[in-house]
Amino acid sequence: MPPRLPLAQAARCCGASIVPLSRPTAVPNSLVSLFAALSVQTRSASILASLSDNRGAYSKRVRKGRGPSSGYGKTSGRGTKGQRAHGKVNAWFQGGQTPLIFSHGRKGFENHMALKMSIINLDKLQLWIDNGRLDPTKKITPKELIKSGIIGRSIKDGIKLLARGGDELKTSIDIMVSRASETAIKAVEAAGGKITTRYYTRLALKRLVKGESISTEKPLPVGPEYVEAILEQARTSKKHYHRLPDPTSRWEIEYYRDPAHRGYLSHLLKPGESPSLYFKVPGVKAAFGKAKAKGKAENELDPKLF
């Protein structure tokens, strides 16, 4: 690094080496005086003790196992004895027990297989009707809802109707969605409308928008007696339409069989039948238990058994 030369000293040095015009006979200064003027300031030797590199110029190397004086010597920071001192153990190892992350979870349970629904509230639905984006005189299906832009551009696994702004709904509508809350159902029916919940998938909704499927409340007919009629209809139709799917899981079947949800499969229930596929009607179970107990008592008193 070149020596630092103060500005005042440089000016003084240059001025001393020039012969002034007022004194042309003057003898210029000697070279000794010139170098004396250029001499660098003397500094104290203590500056050598404060020299250091810039911060972050290098990283200090940690040398393990080089004796106690290194700070990581002898046991190299592993301590004395134990599994971690003798071999490598993963940081999440918990001694062989069932890891806590498996039994309790990291941040609670998150169902990655849960369906993602598009949400529609009644106040926004009424606003779309007032602006002429939806026709209340016709049946409102997911196809009309998606094309009107009320749920945005993305098509998800279904459409759910919620009851925010239920007091603002004044129009009688006939709407069909995937799911609906209890309050939303009451608000739609209080306005003189009708609501139906039907099972949809993401692919079924895309086909509805493209015109490859037709919205219907009727489920797929089950039985050999319907085969010929369906085949004849497919042969005579000029365009092939994909049929809308029906639920296959138990929870979804029970949801659309429940009249409280206004499910499109609720007409399949017999009088007094529960929408559940597992639990029986409480009255049937009690009657069956009493009949069984009565038959057992009669068998015990039957003299033929003795």
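Let's start with Thr141, which sits in the loop between helices H5 and H6. Keep in mind that this is a predicted model. Is Thr141 buried or exposed? Its relative accessible area is 7%, and the cut-off for buried is under 20%, so Thr141 counts as buried. Leaving aside residues up to four places away in sequence, Thr141 touches Met176 and Ser215.

Now step back along the chain to H5 itself, which covers residues 122–130. Leu122, Asp123, Leu125, Gln126, Trp128 and Ile129 are its buried residues. What do they pack against? There are two helices on the list, H6 (142–148) and H7 (182–190), together with the strands E1 (117–121), E2 (158–162) and E3 (174–177). Just past the end of H5, look for Gly132, whose phi is positive, at about 80°.

One of those buried H5 residues, Leu125, leads us to the largest nonpolar core, a set of 29 residues. Leu125 is among the residues with the most contacts inside this core, along with Ile120, Leu145, Leu161, Ile175, Val177 and Ile195. At least two core residues come from each of H5, H6, E2, E3, H7 and helix H8 (202–210). In soluble globular proteins, nonpolar side chains tend to be buried together. Apart from this core there's another one, made of five residues, and Tyr199, Tyr255, Tyr264 and Leu265 are among them.

Leu161 deserves a stop of its own. Not counting residues up to four places away in sequence, Leu161 touches Ile120, Leu122, Leu125, Val177, Arg179, Ala180, Ser181, Ala184, Val188 and Ile195. One of these, Ala180 in strand E4, stands opposite Leu161. The strands E2 and E4 (residues 179–180) pair in the parallel sense, over two bridges. E2 also runs parallel to E1, and how many bridges join those two? Five do. Along that pairing, you'll find Ile119 opposite Lys160 of E2.

To finish, head out to the surface, where Ile47, Leu48 and Leu51 form a nonpolar patch. Together they have about 320 Å² of accessible area. Leu48 belongs to the loop between helix H2 (31–37) and helix H3 (83–86). Why does Leu48 count as exposed? The cut-off for exposed is over 50%, and Leu48 has 60% relative accessibility, so it counts as exposed. Thr141, where we began, is buried, with its 7%.

How values were computed: Residues numbered from 1 in each chain as written. Predicted model: local features only at pLDDT ≥ 70, side-chain atom pairs only at ≥ 80, totals over all residues. Heavy atoms only, no water. Buried < 20%, exposed > 50% of the residue type's maximum accessible area, 1.4 Å probe, protein only. Helix = DSSP H or I, 4+ residues; strand = E, 2+ residues; numbered from the N terminus. Contact = heavy atoms within 4.5 Å. Core = buried A, V, L, I, M, F, W, Y, C linked by side-chain atoms within 4.5 Å. Patch = residues over 30% accessible without salt bridge, like charges linked within 9 Å, V, L, I, M, F, W, Y side chains within 5 Å. Areas by Shrake-Rupley, 256 points an atom, 1.4 Å probe, with all protein chains shown as cover. Salt bridge = Lys/Arg side-chain N within 4 Å of Asp/Glu carboxyl O. Pairing = 2+ DSSP bridges.
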